[in-house]
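This report describes a protein through its strands, its ring pairs and its overall make-up. Please keep the sequence and the structure at hand while reading.

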Amino acid sequence: MRRNVRLSGAAIILLMLLFRYTAYCQNWYQTSAPKNNWSAIAGSSDLSILAATVNGGGIYYSTNGGTNWYLSNAPSNAWSSIGCSTNGKFAFATVLDAGCWLSTNAGQTWNQTGLPTNGWIACAVSAAGNQLMAESPFLIWMSSDSGFSWDTTAPEGGYPTYWEGIACSANGTHITGVQGGASSEFGSIYTSSDAGRTWIQVTPPDSSWRCVALSADGQTLAAGSCCEGTVSVSTNFGSEFRASSGFGVWNGISISSKGNKIVAIQGTSAILASANFGASWVDLDAPSENWSGIVFSTDGNEIVAVANGSGVFRW
């Protein structure tokens, strides 16, 4: 005999919350990477190929998802950021007080590009690895030929305040740069839809921005603030934003290719994730570490994070 079971509204809400939580019920584990002052990490679409930088050290790489790590030939530097193509073959890394370096063999060997010594802050790499972007305090340098030649770009009207982060779509056409602001002023967010030739300033909530990530098509962007504790998400190329409630000081963010899944780090606090374009967030129950970099797989089902003074962790 068939029985009809009716659930109360409270029971339905509870089941929905449990379902949403179990979508993230994976365990963190520390990979074999040595204890180091890790500063940034990048990975291929499935995170099978990884490259991670050490502040005051070299660049390590893994070709089996972090099971084994190897030290590359990259020199000891104050590495500030790293990015790579979706196949992991092309990797690009910046140094805070020196130049920029490029690898064409999944992070195994590195060569310095022709970019000048500068206070390089952040970088971005297109899916194919042909579009490279490097952010200095007041200019963005761009290459459309895998680093052989470079041009500078900046929003019209002069150089803005200090750049803090940059991200691009899979094909490199859509680019977003974020600024931290100066003195008591809030920062700004600029977007380009023509590979950096022209820029427009969008209007997110007032904040001092630290990091940014873009979906594969560039339509969804997520930006984390350093001071106001919010993550702001736009699903229409920056035309409108939704701001999350305050959580902490965000210093790293990554996004799935579709843009619906977002993960962000905030130093020694929790690692939080959203599966609905930032509408709600869950704590991924990560170990208590000084998180300094994070990367999502393109499907949003795998995460690798690095911690300053500790190791490399996978989820």
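## A strand and its partners

In this predicted model, Phe313 of strand S28 is the bridge partner of Ala305. Strands S27 and S28 pair in the antiparallel sense, with 3 bridges between them, and the hairpin that connects S27 to S28 does so through 1 residue.

Strand S27, which covers residues 303–310, has 6 of its 8 residues buried, so the strand is largely enclosed by the rest of the structure. S27 also pairs with S26 in the antiparallel sense, here over 5 bridges, and within that pairing Ile294 stands opposite Ala305. The hairpin of S26 and S27 has 6 residues between the strands, and in this hairpin Gly300 takes a positive phi near 75°. A further antiparallel connection is made by strand S2 (residues 36–43), which is joined to S27 by 2 bridges, with Asn36 standing opposite Ser310. Strands of a sheet pair through backbone hydrogen bonds, in either a parallel or an antiparallel arrangement.

## Aromatic pairs around the C-terminal strands

Phe313 has a role in ring contacts as well: Trp291 and Phe313 form an edge-to-face aromatic pair, with 5.3 Å from centre to centre and 80° between the planes. Because Trp291 lies in strand S26 (residues 291–296) and Phe313 in strand S28, this pair ties together parts that are 22 residues apart in sequence. Both rings belong to residues that are covered, since Trp291 has a relative accessibility of 1% and therefore counts as buried, while Phe313, at 5% relative accessibility, counts as buried too; the cut-off for this class is under 20% relative accessible area.

A search of the whole structure finds 13 aromatic pairs. One of them is formed by Trp28 and Trp315, a tilted pair with 6.4 Å from centre to centre and 45° between the planes. Trp28 lies in the loop between helix H1 (9–22) and strand S1 (29–30), whereas Trp315 lies in the segment after strand S28 (312–314), so the pair ties together parts that are 287 residues apart in sequence. Trp28 and Trp315 are both buried. Ring pairs link these two residues with Trp291 and Phe313, so that Trp28, Trp291, Phe313 and Trp315 belong to a cluster.

## An open sheet of four strands

Elsewhere in the sequence, 4 strands form an open sheet in the order S14-S15-S16-S17, and their pairing is antiparallel. Strand S14 (163–168) and strand S17 (200–202) are the edge strands, each of which pairs on one side only. From one strand to the next, the twist averages 25°.

At one end of this order, strand S16 (residues 189–192) is joined to S17 by 3 bridges, and these two strands run antiparallel. Within this pairing, Ile189 stands opposite Val202 of S17.

## The protein as a whole

The secondary structure of the protein comes to 1 helix and 28 strands. Of its 315 residues, 56% count as buried, and the protein exposes about 13700 Å², of which carbon and sulfur atoms supply 50%.

Contacts across the sequence can be described in a similar way: among those between residues at least 6 apart, 42% join residues that are at least 24 apart. The pair of Trp28 and Trp315, whose surroundings are 287 residues apart in sequence, is one example of a link between distant parts of the chain.

Methods. Residues are numbered from 1 along each chain as its sequence is written. This is a predicted model: local features need pLDDT of at least 70, side-chain atom pairs count only at pLDDT 80 or more; totals for chains, interfaces and linings use all residues. Side-chain values use heavy atoms; hydrogens and water are left out. Rings of Phe, Tyr and Trp (its six-membered ring) pair if their centres lie within 6.5 Å; planes under 30 degrees apart count as stacked, over 60 as edge-to-face and the rest as tilted. Buried means under 20% relative accessible area, exposed over 50%, partly exposed in between (1.4 Å probe, protein chains only). Two strands pair if DSSP finds at least two bridges between them. Axes are lines fitted to C-alpha atoms, for helices over the stretch in contact, and angles run from 0 to 180 degrees between N-to-C directions. Contact means heavy atoms within 4.5 Å. Accessible areas come from the Shrake-Rupley method with a 1.4 Å probe; for residues, only the protein chains shown count as cover.
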